[in-house]
Amino acid sequence: MIDLSKLTAGKKLTSLEKAILQYFVAHIDTVQDMGVRAVASATYTSPASVIRLSKKLGYTGFTDMYYSLLPMIKKAENNSNTENETILSTDFKSLIKNCSYENTQQFIDNVLLLKQKYIFIYATGFSQIAAEYIYKKLLVLGRKAILASGSDSVGVFENNLDDIGAMIVVSKSGETEQVYRKLKKAVDAEIYTVAFTKETDNRIGLISDLNIQILDIHQLDDRNMLPNLFFPAFYYPLNPLSNNT
């Protein structure tokens with residue numbers, strides 16, 4: 001059973017749209033041949049509802065949704081030996097996108113060179129493990145940092161806004177609501193923001209000043225049950241930076 005909660009996070013789908021998506025996923029081998037009208041008929045909806053769903057998910061239409069979801073669904077269905085081999089055979093040079101020399105320099109200038117103000121680090125769930133690594137790494141480098149998660153009081157962030165010079169968030173999905181809300185407040189306060197997210201467009205990445213996108217080979221694995229390169233992969237850009245401080 002494929003859990004689609006990460007895919008739909010922040011999209012505010014209606015129960016009807018969720019039912020269409022569930023049907024779409026369950027019949028991924030036939031929906032393309034069926035077409036919009038047949039899918040609408042099978043789900044007791046209208047073609048407009050199907051198209052509206054695709055737009056809400058960020059696709060241009062029915063066909064775009066099909067070709068975007070197909071590889072993710074097929075990969076999630078074949079989650080045994082093939083996936084383990086995928087991890088072992090992954091080209092590590094392809095793990096990180098948008099981590100060019102210019103972006104690395106941005107990270108150094110706007111985060112690592114901060115000395116008077118705090119670097120605020122925020123994440124929830126599994127991403128907290130990654131956030132804690134960044135926090136401890138910054139402390140070792142002599143930087144002032146604050147680490148917080150979803151279980152902390154909102155005051156940890158809001159009562160220190162004037163002393164925060166940069167904010168780093170980690171969200172594999174790029175759609176975690178708690179992370180998005182904190183990041184949006186930082187953006188509104190004109191604080192420099194960095195987001196570590198998956199490699200496809202997401203809300204958190206779109207509003208951050210610097211979005212470091214990392215390959216997620218199991219995009220529909222909402223519960224992080226499968227081997228995943230996301231968390232260890234993002235340490236890479238921090239390594240060269242420590243040599244420049």
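Begin by selecting Thr197 and Asn211, whose side chains are joined by a polar contact of 3.0 Å; bear in mind throughout that this is a predicted model. Keep Thr197 selected and add Asn202, because a polar contact of 3.1 Å joins the side chains of Thr197 and Asn202 as well, and Thr197 counts as buried, given its 0% relative accessibility against a cut-off of under 20%.

Next, extend the selection to residues 192–198, which form strand 5, where Thr197 has its place. Of the 7 residues of strand 5, 7 are buried, so the strand is largely enclosed by the rest of the structure. To see how the chain arrives there, follow it from strand 4 through helix 10 (residues 177–188) to strand 5, a β-α-β crossover that is right-handed.

Now show the strands that pair with strand 5. Strand 4 (residues 164–170) pairs with strand 5 in the parallel sense over 5 bridges, and within this pairing Ile168 has Val194 of strand 5 as its bridge partner. Strand 6 (residues 210–214) also runs parallel to strand 5, to which 5 bridges join it; here Val194 stands opposite Leu210 of strand 6.

Finally, move to helix 7 by selecting residues 101–112, and colour Asn103, Thr104, Phe107, Ile108, Val111 and Leu112, which are buried. These residues lie on the same side of helix 7, because they cover an arc of only 145° around the axis. The spacing is understandable in general terms, since an α-helix has 3.6 residues a turn, so residues three or four places apart point the same way. Turn the view to the other side of helix 7, where Tyr101 and Glu102 are exposed.

Definitions and conventions. Residues numbered from 1 in each chain as written. Predicted model: local features only at pLDDT ≥ 70, side-chain atom pairs only at ≥ 80, totals over all residues. Heavy atoms only, no water. Buried < 20%, exposed > 50% of the residue type's maximum accessible area, 1.4 Å probe, protein only. Helix = DSSP H or I, 4+ residues; strand = E, 2+ residues; numbered from the N terminus. Arc of directions from axis to C-beta. Polar contact = N/O pair within 3.5 Å; in protein donor to acceptor, adjacent residues only side chain to side chain. Pairing = 2+ DSSP bridges. Right-handed = clockwise from strand over helix to strand, strands pointing away.
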